[in-house]
Number of protein chains: 2
Amino acid sequence: MSAKVGDNMKLDERKKKILSSVVEDYIESAEPVGSKTLVEKYHLDYSSATIRNEMKLLEEEGYLEQPHVSAGRIPSTKGYRYYVDNLMKERKLSMVDIDYINNTINGFGDTDAIFEQIADVVSKVLATPTVITKNNTDTVENIKVVKISDKLLLIVLMSKNGTVKDCIAKLTDTVEDTVIDQMTSILNQDLTGTPFSELHLALNNVIKKDLEVFSGAMNDIVNSIRYELSKDLKKLNSGLESILENPDFSDIERVKNFVNMISTQEIIDAALQKSKEDKLSIVIGSENKEVLLNDYTIISLDIERDNKYLGKLSVIGPKRMNYAKTISTLKYIKEKFNTTLTINKDKDDSKGG
Amino acid sequence: MSAKVGDNMKLDERKKKILSSVVEDYIESAEPVGSKTLVEKYHLDYSSATIRNEMKLLEEEGYLEQPHVSAGRIPSTKGYRYYVDNLMKERKLSMVDIDYINNTINGFGDTDAIFEQIADVVSKVLATPTVITKNNTDTVENIKVVKISDKLLLIVLMSKNGTVKDCIAKLTDTVEDTVIDQMTSILNQDLTGTPFSELHLALNNVIKKDLEVFSGAMNDIVNSIRYELSKDLKKLNSGLESILENPDFSDIERVKNFVNMISTQEIIDAALQKSKEDKLSIVIGSENKEVLLNDYTIISLDIERDNKYLGKLSVIGPKRMNYAKTISTLKYIKEKFNTTLTINKDKDDSKGG
DNA sequence: TTTAGCACTTGAACCTTTTGAGTGCTAAAG
DNA sequence: CTTTAGCACTCAAAAGGTTCAAGTGCTAAA
């Protein structure tokens, strides 16, 4: 994440040019890039032998990798990182994309609608496999458990911002009223103050206490909360058709892994927690602690309205993604969204909320 | 669909046994079934040569197919159909499945919630690739178009049952107020009385008139309605992980086709329209007019509440699906849902609606 | 420092061969 | 007339071998 200065700065202009060409060609072609390709396609004024020597050095320093000895080079995580931090040029979006974005984002509606708008745009414009998840940083303020009948409980989660979520838990066995009180207090103890986006993880802790003390009843409650949350956190994986077009996913095993991964809430949660520091965060390949994510890159964007942090919009794709386009697009969308907000606010305040 | 008596009735007991064994083995193994397998695994008291002769006849009559001459047989559409209509035994669900269904379906909530409950159960229990779509038979009663600003229109769709849908259309060009009136009247003319589930198709007709008369403005409106509808008709394709596990989809091309197909609203609409006659309809392989669906089977179930038809729940999977389990499960879920409804109604009427 | 030249490596593509599951037919047995 | 053993035959899939081309690293000369 943080650039190691003494190391990275060693790259001279030629090495930079080579590295950036390798990254860009590989992003485009998905094939390892050889010295000859570089000379011809990127007009480097050296012979292929020279490029080979340089590439070997770049490999020794960890910027490039070689799938096997008679193949070209592909960027390593370190290579991508250096490219993103130092070499990449943000690029103008195409008129088509700009049009599409301008016509879709209008900033009307509640938080959900806004996320849907943005998510829709992102997945349409970035035809590369994309998954959008949103984070809800609103925190749990209070949990009420109301007994409806012997085996039915109504669980009400009240948030700090005033929204209310409720769900019905169906118990496998009846429980005493005192047990319900106990559970309610445990739930409040463990969950109050937790952002909704981290609730999944927090619920794990609650479950640990279940069988010791509550013989399964807590599990029933937690599951119904989970189910309710899942509706809400629903990732809009509309990029699925594009996933399958992408050469990275020509192998069915990788498709399986990817689909399973993005369906696993815990993995996504963990990945997003990591990237909280800045407004646009990029976690490339093995920078991610979660091993299953080591071949993927996550780029996240914070969405705000009226200076209030609404949540996070994340794009997950293969490490070999078009960084320049993805980042430029995300930035443009955010900017557009902010402008639209202001305009709407000025001219039609009643519609804004 | 309707059994041709003179033809189908020719099958004697032995042929029936053989056909049913082929279907069941193929459903289980996804491999063409040979005569030896049948003798050994299904204890048919004849030699493999006899079975071969019978299979040849079954093939000549169109119940079986042979991928190539040195392979076993697989059921044809006609074979599956005969199996489903005459040979298949509905089977008891496993306790696990029954438990899951019983614990999930509670009948609480509005139509959307009910569909989500049922869809969730169906896709979890029928681990075979499953897509659930719901149909909304509520019809359009009236459409209002309100001008918000020069290029923004608010479209309001009122339904016969009293629900209201609205969306905002962003125009590419400004239009005269008289044009808005014209468009409103066209919309009402063409769409009033249309069930929401068929709105997609009906909108096509509206679009045809667009460029002739309205120079694109109608298109903007239709697109925004489409978008609004898509939120609503959202198929819950939670069976995706299982799709990939299924041997039918070991070829990435088939996965692509399948995903594209189920993402195409028109195909699904067309398929579902066909199956309106009975309560549980089954359309197998080439029985479906849409060529893209010829390798798939669609099983649909009508969902009702208080004698009112709420819509249709459909399972789409490869022709080689577990018919017995799918059908038994759908029937059980429906029954369970109806019972739950009655109980809830009796004991807690205020919650039911 | 650069580069031409060359021996070397290796995955991919293309053939060929082998294997084995499964068939259809024939002729004999029941 | 029905059933079955036996056998020649077919063909997809697996296994093995060869060729091809892309790309490398190294050496020696410019």
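This is a short chat about a predicted model, covering a chain contact, a strand pair and a DNA surface.

Biologist: Start with chains A and B. How many residues does each give to the contact?

Modeller: Chain A gives 15 residues, and chain B gives 15 residues.

Biologist: Which elements of chain A give two or more residues to that side?

Modeller: Strand S6 (164–170), helix H12 (240–245) and helix H13 (252–263) of chain A do. H13(A) has the largest share, six residues.

Biologist: And how do the residues on chain A's side divide by type?

Modeller: Seven are nonpolar, five polar and three charged.

Biologist: Switching to strands. How do S4 and S5 of chain A run, parallel or antiparallel?

Modeller: Antiparallel. S4(A) covers residues 140–149 and S5(A) covers residues 152–159. Eight bridges join them.

Biologist: What joins S4(A) to S5(A)?

Modeller: A hairpin, through two residues.

Biologist: Which residue in S5(A) stands opposite Lys147(A)?

Modeller: Leu153(A).

Biologist: Now the DNA. How many residues surround strand D, and which are the closest?

Modeller: 20 residues surround DNA strand D. The closest are Gly34(A), Ser35(A), Tyr46(B), Ser47(B) and Ser70(B).

Biologist: Which helices supply at least two residues of that surface?

Modeller: In chain A, helix H3 (35–42) and helix H4 (48–60). In chain B, helix H4 (48–60).

Biologist: Which one gives the most?

Modeller: H4(A), with four residues.

Biologist: How do the residues near DNA strand D divide into nonpolar, polar and charged?

Modeller: Six are nonpolar, 10 are polar and four are charged.

Technical notes. Residues numbered from 1 in each chain as written. Chains lettered and ligands numbered in written order. Predicted model: local features only at pLDDT ≥ 70, side-chain atom pairs only at ≥ 80, totals over all residues. Contact = placed C-beta atoms within 7 Å. Nonpolar A, V, L, I, M, F, W, Y, C, P; charged D, E, K, R; others polar. Pairing = 2+ DSSP bridges. Near = placed C-beta within 6 Å.
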